[in-house]
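Subject: Structure for your review

Dear colleague,

Please find the structure below, together with its sequence. A summary of what was found in it follows.

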Amino acid sequence: MAIPRTRPGNYPAFLSYGFRPFFLLGSIWGGLAVLAWLPILSGRLETASLFAPVDWHAHEMIFGFLPAIVTGFLLTAIPNWTGRLPVQGLPLALLAALWLAGRVVISLSAYAGWVVALAVDCAFLLVVVATAAREIVAGRNWRNLKVVVPVSALLAANLVFHLEAHLAGSADIGRRLGIAVGLVLIMIIGGRIIPSFTRNWLVRANPGRLPEPFGRFDAIAIVSSAAALGLWSIFPDSPLSAALLLVAGTLNLARLARWAGYRTFRDPLVLVLHAAYLFLPVGLIVAGLAVLYPETLPPASGIHVLGVGAIGSMTLAVMARATLGHTGRELRADAGTCVIFAAIALAAPVRFAAVLLPDVPALLHVSAALWVAAFFGFAALYGGALMLPRAGAMRTNGSRAAAR
């Protein structure tokens with residue numbers, strides 16, 4: 001008999017695996033937070049947050065939306081790495097409730113106070129780190145224990161963000177640190193899943209050149225990029241930061257070229273992973289050039305290519321594929337999925353154009369609309385799959401009912 005992947009219990013399918021609540025809640029919040037951002041930016045909507053409006057927006061994208069998706073991915077991947085049963089039922093519900101509490105307390109921190117907001121918000125990532133470490137150690141899966149390091153760094157960046165916003169009035173360093181950690185996670189996780197999924201599809205559907213396996217070059221690219229991003233986070237105007245960002249961007253372009261993405265045009269689920277990763281080196285290069293030529297490229301240009309493009313596109317691509325695979329559905333991008341992939345891919349260049357052309361406010365609204373369409377679209381297309389039992393389980397239960 002197959003090893004059971006869930007523990008029998010009186011809880012809904014929605015709480016049977018980490019990706020289910022966190023992908024759905026994260027996608028909804030990702031859309032809602034941007035939908036609220038435009039009226040907040042224009043002064044037509046006020047928040048009860050102690051954060052300045054731009055800090056509230058940055059925080060909820062980097063430390064609200066992103067950790068939800070990362071948590072959903074980790075809590076789904078770790079059982080595959082360790083062979084242990086997933087976190088599910090009441091513990092998973094409590095973890096999701098803690099994430100929701102963070103969103104509420106950040107938006108109402110003027111009433112709760114900055115210390116309470118910091119404690120509740122940071123508690124979520126602290127529990128995620130502890131849970132991931134416990135499961136990996138219990139499963140003696142030592143080689144994957146390193147994944148706890150970037151999640152711990154995301155927790156540290158969130159702490160810096162809170163302290164900096166309270167003490168300095170603006171969380172510039174914390175904002176860049178959070179983006180930097182998110183990008184390193186993409187380099188680590190993307191560097192594992194993109195060549196793997198590409199290889200699997202090419203072997204089956206398009207024999208020929210295959211992606212290069214992870215090697216020393218990949219390690220050099222990740223370490224160099226992490227160093228460049230770390231320096232840029234603290235010294236954003238340094239010529240050395242610019243030089244290292246340009247080197248990091250070039251290394252990641254070369255890394256992406258090693259994965260044979262040009263051979264995957266017939267499968268949108270694989271192609272979108274390559275397209276999403278492409279925003280990372282492009283964003284690093286734009287960020288580096290923005291340091292050297294601030295009159296031409298404002299600092300926000302690189303940040304939005306990295307945030308909207310690399311982080312937004314990769315999270316959507318991973319959510320779609322993981323949801324299909326782990327709910328027993330065919331790994332195929334239907335028309336609706338292709339539309340939301342196109343929406344997020346367009347949101348980044350339009351947002352970049354909005355930074356360059358601030359006198360054309362329509363660009364900002366179009367970019368926001370594309371982002372919202374992508375993540376609300378995901379929730380609409382995949383919400384049923386995330387809330388209902390696995391497709392195979394539904395067929396089995398139906399067959400049993402018919403037999404009775």
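How much space lies in the largest cavity? The model is a predicted one, and in it the largest cavity holds about 190 Å³ of space. Of the 14 residues that line this cavity, Val70, Ile186, Ile189, Met314 and Thr315 are the closest to its centre. Helices α2 (53-82), α7 (172-205) and α11 (299-326) each contribute at least two residues to the lining of the largest cavity. Helix α7 gives the largest share of that lining, with 6 residues. By class, 11 of the lining residues of the largest cavity are nonpolar and 3 are polar, and no charged residues take part.

A search of the whole structure finds 2 cavities of 30 Å³ or more. The second largest has a volume of about 30 Å³, and its lining is made up of Leu75, Ile78, Pro79, Leu85, Pro86, Val87 and Glu135. Here the largest share, 3 residues, is supplied by α2. The lining of the second largest cavity comprises 6 nonpolar residues and 1 charged residue, with no polar ones.

Turning to open space, the largest pocket has a volume of about 1,000 Å³. Its lining consists of 43 residues, of which His57, Ala300, Ile303, His304 and Arg351 are the closest to the centre. The elements that give two or more residues to this lining are α1, α2, α7, α10 (268-292), α11, α12 (335-356) and α13 (361-387). Sorted by class, the lining of the largest pocket has 31 nonpolar, 6 polar and 6 charged residues.

The salt bridges come next; the count is 9. Glu135, which was named above in the lining of the second largest cavity, forms a salt bridge with Arg84, the closest N and O atoms being 2.9 Å apart. This pair links distant parts of the chain, with Glu135 in helix α5 and Arg84 in the loop between α2 and α3 (90-107), 51 residues apart. Glu135 counts as buried because its relative accessibility is 8%, whereas Arg84, at 31% relative accessible area, is partly exposed.

A salt bridge also joins the side chains of Arg103 and Asp121, at 2.9 Å from N to O. This pair too links distant parts of the chain: Arg103 belongs to helix α3 and Asp121 to helix α5, 18 residues apart. Which side of the burial cut-off does Arg103 fall on, buried or exposed? With a relative accessibility of 4%, Arg103 counts as buried. Asp121 is buried as well, with a relative accessible area of 3%.

Within helix α7, the side chains of Arg175 and Asp172 meet in a salt bridge of 3.4 Å, N to O. The two residues are 3 residues apart, about one turn of the helix. Arg175 has a relative accessible area of 17% and is therefore buried, while Asp172, at 33%, counts as partly exposed. Asp172 and Arg175 are also linked with Asp55 in a network of salt bridges.

Two backbone conformations deserve a check against the model. Most residues other than glycine have a negative phi. Arg140, however, has a positive phi near 55°. Arg140 is found in the loop between α5 (114-138) and α6 (148-168), and its relative accessibility of 63% places it among exposed residues. Ala260 likewise shows a positive phi, of about 60°, although it is not a glycine. Ala260 lies in the loop between α9 (239-257) and α10, and, with a relative accessible area of 0%, Ala260 is buried.

Finally, on the surface, Ile28, Leu32 and Leu35 make a nonpolar patch of about 240 Å². Of these, Ile28 lies in helix α1 (residues 19-42). Why does Ile28 count as partly exposed? The reason is its relative accessible area of 32%, since partly exposed residues lie between the 20% limit for buried and the 50% limit for exposed.

With kind regards

Definitions and conventions
Residues numbered from 1 in each chain as written. Predicted model: local features only at pLDDT ≥ 70, side-chain atom pairs only at ≥ 80, totals over all residues. Heavy atoms only, no water. Patch = residues over 30% accessible without salt bridge, like charges linked within 9 Å, V, L, I, M, F, W, Y side chains within 5 Å. Areas by Shrake-Rupley, 256 points an atom, 1.4 Å probe, with all protein chains shown as cover. Salt bridge = Lys/Arg side-chain N within 4 Å of Asp/Glu carboxyl O. Helix = DSSP H or I, 4+ residues; strand = E, 2+ residues; numbered from the N terminus. Buried < 20%, exposed > 50% of the residue type's maximum accessible area, 1.4 Å probe, protein only. 1 Å grid on protein atoms, 1.4 Å probe; cavity = no way out; pocket = protein on both sides within 12 Å on 5 of 7 lines; lining within 4 Å. Points joined across faces, edges and corners; volume = space filled by probe spheres on them. Nonpolar A, V, L, I, M, F, W, Y, C, P; charged D, E, K, R; others polar.
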